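Trainee: Please give me a close look at one part of this model, the nonpolar interior. I would also like to hear about the contacts and charge pairs that go with it.

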Amino acid sequence: MSRLVCMNDLQQRLDNHTPNAIGLELPEAAVLLAITQDQDQPEIIFTQRANHLNSHAGQVAFPGGKKDPEDACLVETALRETEEEIALPRESIRLLGQLSQVVSRQGILVYPYIGLVEGTHQLVANQGELDAIFHVPVDYFLQNEPDCFDRIQHPKGEVYIPCYFYEEYEIWGLSAMILSEFLDVGFDAGFDLFSKPDDSRIRYR
């Protein structure tokens with residue numbers, strides 16, 4: 001994988017990226033992949049969902065959730081949910097772009113957005129929804145191979161989603177799929193989700 005490129009290139013790369021649209025009529029949700037503004041060591045903000053939740057309990061995720069009728073658009077959904085979940089003010093987020101739509105196992109059409117966090121903020125986890133908030137340097141994903149790959153069925157064939165173990169957290173599934181596209185578009189990470197890795201690195205869920 002390539003070394004970390006200048007964060008100043010990220011906006012242009014996202015401007016030149018055309019996200020894939022699935023084109024299905026499904027319930028909609030949006031998430032925010034938020035990046036801190038530190039030019040030397042930018043970090044991605046992740047959350048760990050609370051263990052008491054009925055769905056995705058204990059899983060690592062990006063801030064986000066289902067669209068409310070009051071939300072004017074999916075961007076508004078991502079910003080509102082981020083503020084509700086981690087107390088990051090929406091006015092402190094500069095939207096950089098959008099990634100491809102993905103569908104969750106529950107049949108939710110998820111719109112991922114990329115945002116740059118301007119300034120320093122004390123993040124607070126909404127205890128009703130989250131057990132933790134943590135940061136991972138972007139460079140960590142560019143300098144370390146995935147720990148394993150999860151094989152899933154896709155309409156176009158088998159897909160192999162990278163999985164990372166960072167400290168006590170496991171980044172996998174839908175969040176890892178979104179992350180891999182972000183790393184490809186922004187930093188030429190070179191993921192090919194349709195390319196089968198070595199059998200010893202494949203995990204079957």
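Mentor: I will start with confidence, go on to the core, and then take some contacts and salt bridges. The model is predicted: local features need pLDDT of at least 70, side-chain atom pairs count only at pLDDT 80 or more, and totals for chains, interfaces and linings use all residues. Residues are numbered from 1 along each chain as its sequence is written, and side-chain values use heavy atoms, with hydrogens and water left out.

The protein chain has a mean pLDDT (the predictor's confidence in each residue, from 0 to 100) of 90, and 93% of its residues reach 70 or more. Residues 1–5 are a weak stretch, with pLDDT below 50, although in the model they make 24 contacts beyond near neighbours in sequence. A contact here means heavy atoms within 4.5 Å.

Now the core. In soluble globular proteins, nonpolar side chains tend to be buried together. By nonpolar core I mean a set of buried Ala, Val, Leu, Ile, Met, Phe, Trp, Tyr and Cys residues joined through side-chain atoms within 4.5 Å. Buried is under 20% relative accessible area, exposed is over 50%, and partly exposed is in between, with a 1.4 Å probe and protein chains only. The largest core has 35 residues, and those touching the most other members are Ile44, Phe46, Phe141, Ile171, Leu179, Phe182 and Leu183. Helix 4 (residues 173–187) supplies the largest share of this core, six residues. Helices (H or I, at least four residues) and strands (E, at least two) are DSSP runs, numbered from the N terminus.

Take Leu183. Leaving aside neighbours within four places in sequence, Leu183 is in contact with Val138, Phe141, Leu142, Asp188, Ala189 and Phe191. A second core of 17 residues lies apart from the largest one, and its members include Ala30, Ile45, Leu109 and Ala125. Ile45 is also touched by Thr36, along with Gln41, Pro42, Glu43, Leu116, Val117 and His135, again not counting residues up to four places away in sequence. Thr36 lies in strand 1 (residues 28–36) and counts as buried because its relative accessibility is 16%.

Asp188, one of the contacts of Leu183, also has a charged partner. Side chains of opposite charge can pair when their charged atoms come close. A salt bridge is counted when a side-chain nitrogen of Lys or Arg is within 4 Å of a carboxyl oxygen of Asp or Glu. Asp188 forms one with Arg13, the closest N and O atoms being 3.2 Å apart. That pair joins helix 1 (residues 10–15), where Arg13 sits, to the loop between helix 4 and strand 12 (202–203), which holds Asp188, 175 residues away. Arg13 is partly exposed at 22%, and Asp188 is partly exposed at 45%.

Strand 12 takes part in another bridge. Glu170 and Arg203 meet at 2.7 Å, N to O, linking strand 11 (residues 169–171) to strand 12 across 33 residues of chain. Glu170 is partly exposed at 24%, as is Arg203 at 21%.

Arg203 is also in contact with Phe149, whose other contacts beyond four places in sequence are Tyr160, Ile161, Pro162, Pro197, Arg201 and Ile202. Phe149 belongs to strand 9 (residues 148–154) and is buried, with a relative accessible area of 10%. The C-alpha atoms of Phe149 and Ile202 are 4.8 Å apart, with these positions 53 residues apart along the chain.
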